[in-house]
Amino acid sequence: MCAAFPKVPVIDFEIQKIRHCSKKVINGSRQFDVTKENIDKMMNYELFEFEEYCKKCTEHIEKRTDDQILKIMEAGNV
């Protein structure tokens with residue numbers, strides 16, 4: 001899933017870093033200090049890009065029914 005959105009980061013509170021990959025098993029996932037500059041880049045999708053380890057991501061996400069997708073979308077509306 002996240003390989004489809006390679007510019008969306010994860011904030012890892014354990015190590016207090018902005019990480020590229022949420023999977024702890026991936027060694028070498030890019031990470032940055034939490035600074036104003038890095039947060040600005042993160043919010044503008046400039047901090048990360050598609051990496052070689054994204055190709056190896058094997059997390060399977062089951063297909064959702066149309067009804068499930070509509071419920072998820074409705075829940076996001078404010």
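**Exercise 1. Salt bridges in helix α1**

Work out why Lys41 and Glu37 are separated by about one helical turn.

*Solution.* Step 1: place the residues. Lys41 and Glu37 are 4 residues apart in helix α1, so about one helical turn separates them. Helices (H or I, at least four residues) and strands (E, at least two) are DSSP runs, numbered from the N terminus. The model is predicted: local features need pLDDT of at least 70, side-chain atom pairs count only at pLDDT 80 or more, and totals for chains, interfaces and linings use all residues. Residues are numbered from 1 along each chain as its sequence is written, and side-chain values use heavy atoms, with hydrogens and water left out.

Step 2: check the side chains. Lys41 and Glu37 meet in a salt bridge, 3.5 Å from N to O. A salt bridge is a side-chain nitrogen of Lys or Arg within 4 Å of a carboxyl oxygen of Asp or Glu.

Step 3: check the exposure. Lys41 is partly exposed because its relative accessibility is 31%. Glu37 is exposed, at 53%. The classes are buried (under 20% relative accessible area), exposed (over 50%) and partly exposed in between, with a 1.4 Å probe and protein chains only.

Step 4: look for a second pair. Asp40 forms a salt bridge with Lys36, and their closest N and O atoms are 3.0 Å apart. Asp40 and Lys36 are 4 residues apart in helix α1, so they too are separated by about one helical turn. Asp40 is partly exposed at 35%, whereas Lys36 is exposed at 63%.

**Exercise 2. The surroundings of Asp12**

Which side chain meets that of Asp12 in a salt bridge, and is Asp12 buried or exposed?

*Solution.* Step 1: locate Asp12. This residue lies in strand β1, residues 10-12.

Step 2: find the partner. The side chain of Asp12 meets that of Arg19 in a salt bridge, 3.6 Å from N to O. Side chains of opposite charge can pair when their charged atoms come close.

Step 3: judge the burial. Asp12 has a relative accessible area of 6%, so Asp12 is buried. Arg19 is buried as well.

Step 4: add the backbone. A polar atom of the Asp12 side chain lies 3.0 Å from the backbone nitrogen of Glu14.

Step 5: set this in the whole. The structure holds 4 salt bridges, and the one between Asp12 and Arg19 is among them.

**Exercise 3. An aromatic pair**

How many aromatic pairs does a search of the whole structure find?

*Solution.* Step 1: count. The search finds 1 aromatic pair.

Step 2: classify. The rings of Phe32 and Phe48 have centres 5.4 Å apart and planes at 65°, so the pair is edge-to-face. Rings of Phe, Tyr and Trp (its six-membered ring) pair if their centres lie within 6.5 Å; planes under 30 degrees apart count as stacked, over 60 as edge-to-face and the rest as tilted.

Step 3: trace the link. The pair joins distant parts of the chain, 16 residues apart: Phe32 is in strand β3 (residues 31-33), and Phe48 is in the loop between α1 and α2 (66-76).

Step 4: compare the cover. Phe32 is partly exposed at 21%. Phe48 is buried, with a relative accessible area of 3%.

**Exercise 4. Positive phi**

Where is Gln16 placed, and where is Tyr45 found?

*Solution.* Step 1: place them. Gln16 is in the loop between β1 and β2 (17-19). Tyr45 is in the loop between α1 and α2.

Step 2: recall the background. Most residues other than glycine have a negative phi, and most peptide bonds are trans.

Step 3: read the angles. Gln16 has a positive phi of about 55° although it is not a glycine. Tyr45, not a glycine either, has a positive phi of about 55°.

Step 4: add the exposure. Gln16 is exposed at 63%, whereas Tyr45 is partly exposed at 49%.

**Exercise 5. Met43 and the whole chain**

What pattern does the protein chain follow along the sequence?

*Solution.* Step 1: list the elements. The chain has 2 helices and 3 strands. Their pattern is β-β-β-α-α.

Step 2: place Met43. Met43 lies in helix α1, residues 36-43. Met43 is exposed because its relative accessibility is 56%.

Step 3: look across the chain. Met43 and Pro9 are 34 residues apart in sequence and 9.2 Å apart in space, C-alpha to C-alpha.

Step 4: finish with burial. Of the 78 residues in the protein chain, 22% are buried.

Notes: Polar contact = N/O pair within 3.5 Å; in protein donor to acceptor, adjacent residues only side chain to side chain.
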